Amino acid sequence: MNTLPDSAQRVADLLTAMGHDKQVVMLPETGKTSAEAAAGLGCSVAEIAKSIVFRRLTDDAAVMVVASGSNRVDEAKVAALVGPLGKADARFVRERIGYAIGGVCPIGHLGKTVMLIDQDLLELGSVWAAAGHPHAVFNLTPQQLVMMTSAPVADVALRA
């Protein structure tokens with residue numbers, strides 16, 4: 001039996017506790033980028049639910065946007081909804097969210113995270129999200145993502 005890395009096992013245990021019926025999948029190659037994850041899974045880049053983390057300037061809170069892998073996040077749209085934003089470095093993400101960049105999961109955070117979900121994800125039948133490790137992902141519906149995170153759905157994509 002393959003064992004998951006500790007961070008991915010933590011996500012697998014959380015999913016089981018939530019009654020989620022899909023298992024954490026380990027990709028043979030890294031899933032650090034949406035394109036890499038999509039290639040490894042044989043799905044479209046849009047079906048990758050990527051987690052982008054910012055630092056809110058007013059209170060140093062972690063702000064996570066779960067966006068479609070094919071979208072660029074419009075920082076101005078996000079800031080209009082949650083307040084002024086700054087960059088979140090790898091240390092900030094690890095300390096506040098609890099995962100390393102490249103494997104940031106939308107659930108199981110160490111502390112309170114301000115979250116938004118890209119409305120474009122709701123147009124898809126299912127999506128793949130990082131499961132706490134650069135090679136680990138799990139499948140869920142966009143509705144399950146909203147339910148698991150209790151995050152509001154918003155227009156966060158940069159439009160041409």
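1. A residue is called buried here when its relative accessible area is under 20%, and exposed when that area is over 50%. The points below concern a predicted model, and several of them rest on this cut-off.

2. The cysteines may be taken at the outset. Cys43 has a relative accessible area of 19%, and because the cut-off for a buried residue is under 20%, Cys43 counts as buried. Cys105 takes part in no disulfide, and the nearest cysteine sulfur to its own is that of Cys43, 16 Å away. Cys105 is likewise buried, with a relative accessible area of 0%.

3. The number of disulfides in the model is 0. Cys43 is accordingly in none, the nearest cysteine sulfur being that of Cys105 at 16 Å. Because a disulfide requires two cysteine sulfur atoms within 2.5 Å, a separation of 16 Å rules out that bond between Cys43 and Cys105.

4. Strand β5, residues 114-118, deserves attention. Of its 5 residues, 5 are buried, so the strand is largely enclosed by the rest of the structure. The covering applies to both faces: Val114, Leu116 and Asp118 lie buried on one side, while Met115 and Ile117 lie buried on the other.

5. The pairing of β5 involves two further strands. Strand β3, residues 62-68, runs parallel to β5 and is joined to it by 4 bridges; in this pairing Val63 stands opposite Val114 of β5. Strand β8, residues 153-154, also pairs with β5 in the parallel sense, over 2 bridges. Here Ile117 of β5 is set opposite Val153 of β8.

6. Lys50 belongs to strand β2, which covers residues 48-56. When neighbours within four places in sequence are left aside, the contacts of Lys50 are Ser34, Val65, Val66, Ala67, Ser68, Gly69 and Asn71. Ala17 offers a point of reference for the position of Lys50: the two are 33 residues apart in sequence, and their C-alpha atoms are 23 Å apart in space.

7. Both ends of helix α3, residues 75-82, can be described. At the N-terminal end, Asp74 acts as a cap, with a side-chain oxygen 3.0 Å from the backbone nitrogen of Ala76. After the helix comes Gly83, whose phi is positive, near 115°.

Definitions and conventions:
Residues are numbered from 1 along each chain as its sequence is written. This is a predicted model: local features need pLDDT of at least 70, side-chain atom pairs count only at pLDDT 80 or more; totals for chains, interfaces and linings use all residues. Side-chain values use heavy atoms; hydrogens and water are left out. Buried means under 20% relative accessible area, exposed over 50%, partly exposed in between (1.4 Å probe, protein chains only). A polar contact is a pair of N or O atoms within 3.5 Å; within protein, one must be able to donate a hydrogen and the other to accept it, and residues adjacent in sequence count only if both atoms are side-chain atoms. Contact means heavy atoms within 4.5 Å. Two strands pair if DSSP finds at least two bridges between them.
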